Amino acid sequence: SGQPSWLSIDATTGELSGTPPTGSAGVYTFMVTVTDGQRTASKRFVLVVKLLSADFEANQTQGKAPLTVNFTDKSRGNITQWQWDFDNDGTVDSTQRNPTYTYSNPGWYTVKLTVTSSKGSDNCVKEMYILVVTNGVYYVDGVNGDDANGGSSWSDAWKTIGKALSVADDYDLVLVADATYNETDLNFNGKKIYLKGVDHNNAGQRPVIDCQSNGRAFYFGSGETEDSVIDNFVIQNGEVKDTYGGAIVCENSSSPTITDCVFRYNKAKDTNGLWDDEHGGAIYCDGSSPAVVNCTFSGNSAKGSGGVIYCTDSSPSITDCAFICSSATLDGGTIYCKDSSSPTITNCAFCSNSASYSGGAIYCTGSSPTLVNCRFSGNSALLYGGAIYCTGSSPTLVNCRFTGNSADRDGGAILCYSSSLTVTN
C-alpha cells in the first residue's frame, strides 16, 4: 500500500517491478504486508528514484600484469561528464565514457566512476574490483586433483588447499573446486592470496572445509591484511578443545577479508571444566580487525563467551551477515567484545541466539560497537539483555529493530550498566 502508481507487486511471488517515468525522481515510502492466513506482518520500504545513476563493468577483473582492462559505462541519465579513478587514489585517470586502462603492478584495485549531468552527480565505487596477480592463477580440485601436479589448470590441479597456500605468493589467485576438504590449520603465512571457491564440478555448489571436529580451519597470525581473502566456502565442524576460535583465529594484527562464506556447527569446546579459554565458536579476534562480509553463521557455539565471534582489543567490520541459532554457555550468544574493541556491524540479522548468562546476541564490556540497520529477533539470555548487554561501554545503534527478545531478569531487549547508549530510529 502507498506505492507509486508505476510500481506493482506480484501477490503470488512478492516481486516488485516498475519503471520510473520522466519526472518521477524523489523518495517514495510504502508498506508491504504478508500473511499466511493466520498471522500478518508488515514492513516499511523507502524507494529512492534518482535523476542519474552511476554504474560500470569490466571485460576482465583478474589476470597477470600487465593487465589491460576495457571499462564499459552502464550509467543512466542525461550524463555530460565521466570521471574514472582506476586505482582509487583520488586522481582522475580518464574522462572517456568507455576507457581502457593497463595495470602494471600486482595488487588489488578499487575502481570509482563519477558521472555528472545538469541535475547533479553520482558515483559508483567497486571495492577490490580488479586483481592483478603476480604469478598467475592456481587450481585445487579435491575430487580429481593431485598434490604432485603443478596446479596450473583444472587438468593439472592440486588436491589440497594447504598445498596451494604453500606455493602461491602475494596477489596470486587460488581457485578451489566444489568438493569436501578435511583440512585444518590452513595458514596464509602473511601472504596476500585470494582463495576463492568455485562451482567447477557441480553447478551452484561451493567447496566445503569440514574439520571433522578435529581442529580449526584457518589460522591468521602473521599480520595478514585485507588482501588475504577467503571467498565462497562452507566451513563446518571446526572444533577446538580448551582453547579459542572454532573455525578461524585472527591474532597478532591480522585482518583478512572473509566474504560469502557459511559457518555452521563450529565450536569452542570445554573438556577440563574450567571454561576459561573456550571463546569464539567460529571466529576469535585478538588485536585484529578482519572484514566479514555477506556470511551466514548457524549453529555455532562456545562453552565460554562469544558463540560466533569473540573480540578483544579488535575492531572487525561485519557487514550483511546473518547469525542464527548460535549459543554461548557464558555471555554473548553471537558476539562478545571487550578491551576497547570497536566492531562495526552493518545490515546484519540476529535470530534465535542465546546466552546462558547475559547478552543473548551481543555482549560488550569496555567497548564501543556501532550497529547500523540490524535486526534482532527471538534472542534470549537467562540473566540480562535478551539481545544486547553492555557494561562500561558506549554502543551506538542506528535504524535497528528488536522483536521477541527476552531475558529472565532485566533488559528484555537491551540492558546497559555504567554505559552510554545512543539509539537512533
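Are phenylalanine 56 and phenylalanine 71 buried or exposed? In this predicted model, both phenylalanine 56 and phenylalanine 71 turn out to be buried. That makes a handy place to start on the aromatic side of things, since the structure holds 28 aromatic pairs. Phenylalanine 56 and phenylalanine 71 make up one of these pairs, with an edge-to-face arrangement: the ring centres are 6.3 Å apart and the planes meet at 65 degrees. The pair ties together distant parts of the chain, with phenylalanine 56 in strand 5 (residues 56–58) and phenylalanine 71 in strand 7 (residues 67–73), 15 residues apart.

Another pair to look at is tryptophan 108 with tyrosine 194, and this one is tilted, at 4.9 Å centre to centre and 45 degrees between the planes. Here, too, distant parts of the chain are linked: tryptophan 108 belongs to strand 10 (residues 107–117) and tyrosine 194 to strand 16 (residues 194–198), 86 residues apart. Tryptophan 108 counts as buried because its relative accessibility is 16%, under the 20% limit. Tyrosine 194 is likewise buried, because its relative accessible area is 13%.

Back at phenylalanine 56, the picture widens to a cluster. Ring pairs connect Phe56 and Phe71 with Trp84, Phe86, Tyr101, Tyr103, Tyr109 and Tyr129. Phenylalanine 56 also has a charged partner: the charged end of lysine 126 sits over its ring, 4.6 Å from the ring centre.

Further along the chain, the attention shifts to strands and cysteines. Strand 22 (residues 248–251) and strand 26 (residues 283–286) run parallel and are joined by four bridges. Within this pairing, cysteine 250 stands opposite cysteine 285 of strand 26. Strand 26 is also joined by four bridges to strand 30 (residues 309–312), again in a parallel run. Cysteine 285 has a bridge partner there as well, namely cysteine 311 in strand 30. Cysteine 285 thus pairs up with cysteine 250 and with cysteine 311.

Finally, there is the surface. Which residues form a nonpolar patch there? The patch is made of Val27, Val46 and Val48, and together they offer about 270 Å² of accessible area. Valine 48 can be found in strand 4 (residues 40–49). With a relative accessibility of 52%, valine 48 counts as exposed, because the cut-off for that label is over 50%. Valine 48 is therefore exposed at 52%, whereas phenylalanine 56 and phenylalanine 71 are both buried.

Definitions and conventions
Residues are numbered from 1 along each chain as its sequence is written. This is a predicted model: local features need pLDDT of at least 70, side-chain atom pairs count only at pLDDT 80 or more; totals for chains, interfaces and linings use all residues. Side-chain values use heavy atoms; hydrogens and water are left out. Patches are made of residues with over 30% relative accessible area and no salt bridge: like charges are joined within 9 Å, nonpolar side chains (Val, Leu, Ile, Met, Phe, Trp, Tyr) within 5 Å. Accessible areas come from the Shrake-Rupley method with a 1.4 Å probe; for residues, only the protein chains shown count as cover. A salt bridge is a side-chain nitrogen of Lys or Arg within 4 Å of a carboxyl oxygen of Asp or Glu. Helices (H or I, at least four residues) and strands (E, at least two) are DSSP runs, numbered from the N terminus. Buried means under 20% relative accessible area, exposed over 50%, partly exposed in between (1.4 Å probe, protein chains only). Rings of Phe, Tyr and Trp (its six-membered ring) pair if their centres lie within 6.5 Å; planes under 30 degrees apart count as stacked, over 60 as edge-to-face and the rest as tilted. A charge sits over a ring if NZ of Lys or CZ of Arg is within 6 Å of the ring centre and within 35 degrees of the ring normal. Two strands pair if DSSP finds at least two bridges between them.
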